[in-house]
Amino acid sequence: MNVRQNLGRRFARIATNQVVRRPGLWKLFRGPMRGMFDKIAPVWDEGRSPDAFAPVEAALERVSEPKRALDLGTGTGTVALMVAQRFPEAEVVGADLSPGMLIEARRKTPPELTDRVRFDEADAERLPYGDEWFDLVTLANMIPFFDELDRVVAPEGWVVFGWSVGPQTPIYVPSEVLSRKLEARGYTDLSEIAAGKGTAFVARKPTSS
């Protein structure tokens, strides 16, 4: 790993830790994070191990088939396409702050999926989607904004967090933090999964009262 890569990983970890504690700080990190991912987008997939998203794949075995799914921080779209292939009736949206990443995601989308998979430029802090719109939201190596996440998840919908190399993932939130944040919002069926070199975390939103 060269010096630039190491600095990028350290910056991503600092941004994650700070924003999870104080979401209002995202305004300081948004621009640098977008710029960093735009620069590395063309070579992003080259540096990823084949089992990078094994935790997400394992977690998807535990969720109900969605009608509409959202992949937050989709990057080059790997998880969004994984969801679409696993759930052939689902409409899938991949959302990312980085235009460069979205170019790559659209480029590698198979023709047979273009009628039900799309990629939007969007900030996870303030999403352009309706309340309770998605039955499944996935976040692979992605900073969560819990209030906004909860807003777009439908009652009885699922959220899946994936960390490619567990605690060594630059963007990583410990399971105890996820549990605390989600249980405070009433989520149930919380579970942690190990697969490949990483981990995943699954939770379900309760039925509206």
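**A tour from N141 to the helix pair**

Start by selecting N141, found in the loop between β4 and α6 (146-152). Helices here are DSSP runs of H or I with at least four residues, strands are runs of E with at least two, and both are numbered from the N terminus. You are looking at a predicted model, in which local features need pLDDT of at least 70, side-chain atom pairs count only at pLDDT 80 or more, and totals for chains, interfaces and linings use all residues. Residues are numbered from 1 along each chain as its sequence is written, and side-chain values use heavy atoms, with hydrogens and water left out.

**Two positive phi values**

N141 has a phi near 55 degrees, a positive value in a residue other than glycine. With 21% relative accessibility, N141 is partly exposed; buried means under 20% relative accessible area, exposed means over 50%, and partly exposed lies in between (1.4 Å probe, protein chains only). Now go to E132, in the loop between β3 and β4. Phi of E132 is also positive, near 55 degrees, and this residue too is not glycine. E132 is partly exposed, at 37%.

**Two buried loop residues**

Stay in the loop between β3 and β4 and pick A124. A124 is buried, at 9% relative accessibility. Leaving aside residues up to four places away in sequence, A124 touches L72, M142, F145 and E148, where contact means heavy atoms within 4.5 Å. One of these partners, F145, is 21 residues from A124 along the chain, with 6.7 Å between their C-alpha atoms.

Next, select P66 in the loop between α3 (54-60) and β1 (68-72). P66 is buried as well, at 3% relative accessibility. Beyond residues up to four places away in sequence, P66 touches F87, A90, D135 and L136. Try drawing a distance to L136: the C-alpha atoms are separated by 6.0 Å, though the two residues are 70 apart along the chain.

**Aromatic rings**

Time to show the rings: the structure holds seven aromatic pairs. Y129 and F134 form an edge-to-face pair, because their ring centres are 5.3 Å apart and their planes stand at 90 degrees. F161 and W163 instead make a stacked pair, with centres 6.5 Å apart and planes at 20 degrees. Rings of Phe, Tyr and Trp (its six-membered ring) pair if their centres lie within 6.5 Å; planes under 30 degrees apart are stacked, over 60 edge-to-face and the rest tilted. Y129 is buried at 9%, F134 is buried at 1%, and both F161 and W163 are buried. Add Y172 and F201 to your selection, and you have the cluster that ring pairs build with F161 and W163.

Then look at W133: R68 lies over its face, 3.7 Å from the ring centre. A charge sits over a ring if NZ of Lys or CZ of Arg is within 6 Å of the ring centre and within 35 degrees of the ring normal.

**Helices to finish**

Colour helix α4 (residues 78-86), whose buried residues are V79, A80, L81, M82, V83 and A84. Their cover includes α3, β1, β2 (91-96), β3 (117-121) and β4 (134-140).

Last stop: helix α2 (residues 26-40) packs against helix α5 (residues 99-107) at an angle of about 40 degrees, with axes 7 Å apart. On the α2 side the contact is made by R34, F37, D38 and I40, and on the α5 side by P99, G100 and M101. Axes are lines fitted to C-alpha atoms, for helices over the stretch in contact, and angles run from 0 to 180 degrees between N-to-C directions.
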